[in-house]
Each structure stands twice: as C-alpha cells, then as structure tokens.
Amino acid sequence: MATSTTLAGLLALLQAASAAPPPAAPAPSAPSALDPASLPSPLPVDSSTLPGAPASTAVKLREVDTRMTVPVLINGKGPFRFIVDSGATRTVVSSALAAELGLPSAGTVPLHSVGGEAQVPAVHIDSLYVGALPAKELTAPVLDEANLGGAGILGIDTLQGKKVVIDLVRHAMSVEPADKYVSPAADGEIVVTARSRFGQLVLADADAAGQKIFAIVDTGSMVTLGNMTLKEKLVRRKRADPKDVTITDVTGQKIVASYAPINELRLGDLHMSNVVIAFDDAHVFDRFGLTQKPAMLLGMDIMQAFDRVSIDFARRAVRLTRKADKGLVTNLLY
C-alpha cells in the first residue's frame, strides 16, 4: 500500500525527535543570572491579550514544531509565548523567564512528565492572563527553556473548567467559558465524549487497528504516543512492526521508544488511516492508571489533520472538525 504524504510528514517528526539535542543540566534551585540573548522575544501587544479586554479571547497562535503557543501576560508583563498543553497537569515557566521577571521562589514541587516524576524548582506568580480571562494566581514549576520549546507551558491548572478552541486554518486560539451543555455535532464535525482523570480528558470511544484504547488529547506533544500494553497487543496480532526512536521530554529526560504506522485509528465516528504512533511505557500512563490498559496520547501530529479542535474540559467533550477540502487530507476516511 502506498505511503501517504501525511504519513511521510509524521515520520519526519519522529525522526526529528530522535535527533533532539542532549538534555540540559538540571535547573538550579533559584533562577540564575539572566543572559539577555536567551530571553523569549515578546510578541506585539494585541488588545485581546490585555486585562479587561472585550469578551473575545481570540489570540494569534505561533507554531513550535507542530505544537501551538499563545501570548501570555505574567504580573502585567509580556506577552510571552506559552505552549498550550492539554496533557500537562501544571503550568510551567522557563528558568530564563523566571529570572527576567524576578519571580520569587516557592521552593520545590513534584512534576510529572513522560519520563517520570521529579522534584523541580518553583516560583510564585501573582497574576497570569490568557486573553480576556480573569487573572490567575499560581505556583509554577521552573524548567529549562531548551526542553520546553517556549517561554512556558499552559497546563490543566490554568485550562480546567474552560473550553480551548484551536483553529488550525487561521492559526488562532480562544480560551472560553465552557459550554452550558453538549450540543449535537454540526455539519462536518465529530463529537467524542470523554471521562476525566486528574483533570485530563480520556476518550473511551476509540480504537487503534481494531484494538480498543483509552486516548488522551495532548496538545503539548509533537507526536502521538502509545503505551507498551498497546504495542504488545498490536504486535501479537501482527498489526504493527515497531522501529526504535529516542524522545526528549520537557524535563530533559530521554526515553528510548519505538514507532510504527498502523492502518487505522478511530475516534468516535471518525476513522483515520496510516497513522504513525510512538510506543513507550511512559510514566504518564502510570499517572493516569492506564499502564495495564491499551492507551494513547493523541499529539499535535493527529490534530493537524483537522480544521478545528475544541476541548471542553467542563462538559468532557472533544469536537473535531474535518478538513474543508477533503482532497488535502489523504489519511482521513469519511
């Protein structure tokens, strides 16, 4: 069977992951002296990023690899580029940004990542703004920017109870109040209901190559990652032939994984063909209680196949809008 252009693109992403730079040295307990050359360049101020702006929270997105970033104000300063990560439990700031803003130390906190759990330095943030949403006070872990891919990460502690909409056509994002109820699917839209585990949404109505799975939407990951239980079941049924790949997580830890294309991935009523998946017994699956169950983190490589992705944390629903021009997406089955 011929390989689609989308499959080739996903393989290129995995190859790029295997060539990632070595992990940086562990972050010090307090932010180090600032090197101005290492600072994230602030984005032009847009009225939609300012406190007290009108109800619309639409803000322009920037791309870091295939992940998306939005402008964020911290303690009234910025904006700075933060990755929107629906799979991260906590909002994180880079050590360079923490030093630049002089954020006070909050000791150390536990942080769960793909590679495992670690105690990392943390800082206190008086106010964090995304769009026109009310300011949020929080304690944020501090990590090296080289591993984050941006000035910081917006995690579930910021996004929980809200709706995140990613418009992949206009490269814009909005963070909005959650819907009052789950409305029927619009034309060209798929609605997949989910369960909540530690704040993350787990899609129960999904399968990979005919194997039922639990799937978590992870907008902070460049690639889609399956656990070892899923890999073993697919290999046993001769539905996957994995190859090795190395992935670096946000804490700088490297994990040796494997990857393989599968013939079909189903999310609710949506079917996708020739999908590339990386496999590893990552700590995040243990964190969600999914180590012994076939499970998958759906990365931005999957999200790129849609025009629009809506993640409603309060209503526990994910809406996927198909590409308007079906001819542009060779791996979607309608």
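This passage describes the fold, selected strands and residues, and the internal cavity of a predicted protein model.

Because the model is predicted, local features are reported only where pLDDT is at least 70 and side-chain atom pairs only at pLDDT 80 or more, whereas totals for chains, interfaces and linings use all residues. Residues are numbered from 1 along each chain as its sequence is written, and side-chain values rest on heavy atoms, with hydrogens and water left out.

The protein chain contains 7 helices and 22 strands, these being DSSP runs numbered from the N terminus (helices H or I, at least four residues; strands E, at least two). Of its 334 residues, 53% are buried, a term that denotes under 20% relative accessible area, with exposed meaning over 50% and partly exposed the range in between (1.4 Å probe, protein chains only). The chain exposes about 14100 Å², of which carbon and sulfur atoms supply 52%; accessible areas were computed by the Shrake-Rupley method with a 1.4 Å probe, and for residues only the protein chains shown count as cover. Among contacts (heavy atoms within 4.5 Å) between residues at least 6 apart in sequence, 65% join residues at least 24 apart.

Strand S13 (residues 200-208) is largely enclosed by the rest of the structure, because 8 of its 9 residues are buried. Strands are taken to pair where DSSP finds at least two bridges between them, and by this criterion S13 pairs in the antiparallel sense with strand S12 (residues 189-197) over 4 bridges and, again in the antiparallel sense, with strand S14 (residues 211-217) over 5 bridges. On the S12 side, Arg197 stands opposite Gln200 of S13, while Leu203 has Ala215 in S14 as its bridge partner. S13 and S14 form a hairpin with 2 residues between them, and Ala209 in that turn has a positive phi of about 50 degrees. A positive phi, near 60 degrees, is also found at Lys238, which follows helix H5. Within H5 (residues 228-236), the buried residues include Thr229, Leu230, Lys231 and Leu234.

Two strand residues illustrate the local environment. Val72, in strand S3 (residues 67-74), is buried, with a relative accessible area of 0%. Leaving aside neighbours within four places in sequence, Val72 is in contact with Lys77, Gly78, Pro79, Phe80, Phe82, Leu128, Tyr129, Val130 and Leu154; in addition, the C-alpha atoms of Val72 and Gly131 are separated by 7.6 Å, although these residues are 59 residues apart along the chain. Asp167, in strand S10 (residues 162-167), counts as buried because its relative accessibility is 15%. The side chain of Asp167 reaches the backbone nitrogen of Val169 at 3.0 Å, and a polar atom of the same side chain lies 3.0 Å from the backbone nitrogen of Arg170.

A search of the whole structure finds 1 cavity of 30 Å³ or more. A cavity is defined, on a 1 Å grid over the protein atoms alone, as a set of points where a 1.4 Å probe fits but cannot get out, and lining residues have an atom within 4 Å of a point; grid points are joined across faces, edges and corners, and the volume is the space filled by probe spheres set on the points. The largest cavity has a volume of about 50 Å³ and is lined by Lys163, Asp179, Tyr181, Val182, Ser310, Asp312, Arg315, Ala317 and Arg319. The elements giving two or more residues to this lining are strands S20 (306-312) and S21 (317-322).

Conventions
Polar contact = N/O pair within 3.5 Å; in protein donor to acceptor, adjacent residues only side chain to side chain. 1 Å grid on protein atoms, 1.4 Å probe; cavity = no way out; pocket = protein on both sides within 12 Å on 5 of 7 lines; lining within 4 Å.
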